[in-house]
Amino acid sequence: MKGDAIRPAWVHLVSAFHAMEPTDSLISISRECGGGAITEDVQHFISDRCITKTITDGKGHTPYIKSFLKKVILEVESAADVVIDELYEQLSFYMTSLKGDDLAKGTSRVIREISFLYPTDNIEDQVSQSPRKVVVPLNCSLNMLEGDTGCSIWPSSLFLSEFILSCPELFSMKSCFEQLGSGVGLVGICLAHVKPSKVVLSDGDLSTLANLKLNLELNHVNTKFGSSESILEDPCKVKCLHLLWESAVESDLQDLMPDIVLGADVIYDPQCIPHLVNVIATLLTTKKSNSLHKEVPIALDDQSNSDSSSGYEEFVLASTTQPVAYIASVVRNINTYNYFHKVALEANLKVVDITENIKIFNFLPYMLSYQRSSVRLLGIYQAFH
Ligand SMILES: C[S@@+](CC[C@H](N)C(=O)[O-])C[C@H]1O[C@@H](n2cnc3c(N)ncnc32)[C@H](O)[C@@H]1O
């Protein structure tokens with residue numbers, strides 16, 4: 001089992017469990033671990049590395065673990081295979097647990113651990129018990145549709161995080177401002193790993209902002225940085241702002257002077273779009289930074305070199321001399337998306353879809369619920385005449 005535990009599927013299983021991926025996804029990965037069936041070895045792995053470890057650490061969300069255990073047992077029994085005693089014991093522990101049903105008590109916040117697994121061809125890394133990864137614990141909500149939008153993890157923030165970790169050179173030593181509804185703070189925490197000079201995070205919702213600060217603290221404790229390199233250990237370098245786009249004050253925005261503006265999943269409410277665009281336009285107009293004079297080309301996808309008509313090359317050029325924004329978005333309503341483009345154009349902003357031009361690593365291979373292809377990445381800059 002020790003040998004098996006280092007195979008990718010097993011790492012994916014434990015990562016998916018801690019990220020609280022849908023339990024059906026966990027079952028699929030469990031089958032993959034056992035070559036098509038949830039063998040006794042796989043069950044022992046689930047029992048020891050997922051469940052027992054969670055109990056020992058005093059973590060875990062009871063309804064989620066119960067649901068997973070029930071599905072594993074059902075799956076194994078349906079295949080007329082042997083269920084190991086430990087799984088029955090663990091299910092009975094959770095069925096009678098005094099922790100009860102957190103959801104029934106109205107507690108819908110959970111800690112999800114998002115592990116970014118570094119792809120590696122290096123055999124040394126593959127056989128290492130601790131492959132290189134960035135683990136981000138996040139306090140977040142299970143009720144994303146009940147007024148808790150800012151406390152859920154949205155696909156665009158996963159995409160933007162993968163982009164940041166794929167192209168750290170674009171962000172290191174830059175002043176970055178995720179002004180556009182930072183939510184749980186995943187993007188900001190990933191930024192902290194690529195050594196920017198400053199990070200400012202903001203949200204218009206006060207309870208989201210309180211949760212964001214909690215997540216920064218969580219990561220301050222749990223994330224390993226080189227001691228003098230941790231920007232999260234330097235409170236001067238990470239700031240949280242309450243910023244409602246509708247009431248943003250131009251002079252306050254001008255003081256921020258970011259090199260890079262980031263936003264994930266913020267294009268969804270047509271009423272907010274003019275205010276959102278106004279904030280982006282103000283931030284992109286104000287910076288004349290020294291750090292921007294150094295040219296840092298964005299990693300090009302091999303097939304994208306010839307496509308100069310997309311405006312990508314102009315965007316790359318602009319990024320060397322002026323601030324730019326990266327906005328990741330899932331297109332849920334094409335009219336809203338087009339409206340954003342229209343308002344941005346009127347604000348003299350150039351918006352380029354750079355999704356196909358960038359090189360992005362798959363850091364979340366275990367996250368079957370995340371559809372990377374559903375996310376578009378927009379590069380935005382101010383068109384000066
Ligand atoms: C769909 S969530 C995305 C959160 C985060 N960026 C992510 O991708 O996980 C939208 C975020 O924008 C914030 N937001 C919505 N409207 C806003 C406004 N008018 N001003 C400031 N923030 C706003 C919400 O509070 C929420 O955190």
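## Overall picture

Of the contacts in this chain with a separation of 6 or more, 78% are between residues 24 or more positions apart. Keep in mind that we're looking at a predicted model. The chain has 13 helices and nine strands, and 50% of its 385 residues count as buried.

There's nothing to report on disulfides: the structure holds zero of them. As for individual cysteines, Cys-190 is buried, with a relative accessible area of 0%. Cys-240 comes out at 23% relative accessibility, so it counts as partly exposed, given that buried means under 20%.

## Helix α1 and what covers it

Let's start near the N terminus, with α1, the helix spanning residues 8-18. Nine of its 11 residues are buried, so α1 is mostly covered. The buried ones are Ala-9, Trp-10, Val-11, His-12, Leu-13, Val-14, Ser-15, Ala-16 and Phe-17. What covers them? The cover over the buried residues of α1 includes three helices, α2, α3 (40-56) and α4, along with strand β1 (109-117).

Just after α1 sits Met-20, which takes a positive phi of about 60°.

## α1 against α3

One of those covering helices, α3, crosses α1 at roughly 35°, and the two axes come within 11 Å. The crossing is right-handed. On the α1 side, the contact is made by Trp-10, Leu-13, Val-14, Phe-17 and His-18. The α3 side brings in Asp-41, Val-42, Phe-45, Ile-46, Arg-49, Cys-50, Ile-51 and Thr-54. Sorted by class, this contact has nine nonpolar, two polar and two charged residues.

Thr-54 deserves a look of its own. This α3 residue has 5% relative accessibility and therefore counts as buried. Leaving out neighbours within four places in sequence, Thr-54 is in contact with Phe-17 and His-18, and also with Lys-59, Gly-60 and Ile-65.

## α2 against α4

Now for the other helix pair. The axes of α2 (residues 23-33) and α4 (residues 62-78) come within 10 Å of each other and cross at roughly 45°. That angle is why α2 and α4 count as oblique to each other. Which hand does the crossing of α2 and α4 have? It's right-handed.

From α2, the residues involved are Thr-23, Asp-24, Leu-26, Ile-27, Ser-30 and Arg-31. They meet Tyr-64, Ser-67, Phe-68, Lys-71, Val-72 and Glu-75 of α4. By class, the α2 and α4 contact has five nonpolar, three polar and four charged residues.

The spacing along these helices brings a bit of textbook geometry to mind. An α-helix has 3.6 residues a turn, so residues three or four places apart point the same way.

## Loop residues to check

Gly-35 lies in the loop between α2 and α3. With 73% relative accessibility, Gly-35 counts as exposed. Its C-alpha is 10.0 Å from that of Ala-9, a residue 26 positions away in sequence. Ala-9 itself is among the buried residues of α1.

Two other loop residues have a positive phi without being glycines: Ala-80, at about 55°, and Asp-265, at about 50°. Ala-80 belongs to the loop between α4 and α5 (85-95), whereas Asp-265 sits in the loop between β6 (260-264) and α11 (273-286). Are these two buried or exposed? Ala-80 is exposed, with a relative accessible area of 68%, while Asp-265 is buried, at 8%.

## Lys-239 in strand β5

Further along the chain, Lys-239 is part of strand β5 (residues 238-242). Lys-239 is partly exposed, with a relative accessible area of 43%. Which residues does Lys-239 touch, not counting those up to four places away in sequence? They are Val-199, Val-200 and Leu-201.

There's also a C-alpha distance to go with that set of contacts. Lys-239 and Ser-202 are 37 residues apart along the chain, and their C-alpha atoms are separated by 8.1 Å.

How values were computed: Residues numbered from 1 in each chain as written. Predicted model: local features only at pLDDT ≥ 70, side-chain atom pairs only at ≥ 80, totals over all residues. Heavy atoms only, no water. Disulfide = S-S within 2.5 Å. Buried < 20%, exposed > 50% of the residue type's maximum accessible area, 1.4 Å probe, protein only. Axes fitted to C-alpha atoms, helices over the stretch in contact; angles between N-to-C directions. Helix = DSSP H or I, 4+ residues; strand = E, 2+ residues; numbered from the N terminus. Parallel < 35°, antiparallel > 145°, perpendicular 65-115°, else oblique. Left-handed = near helix turned anticlockwise from the far one by under 90°. Contact = heavy atoms within 4.5 Å. Nonpolar A, V, L, I, M, F, W, Y, C, P; charged D, E, K, R; others polar.
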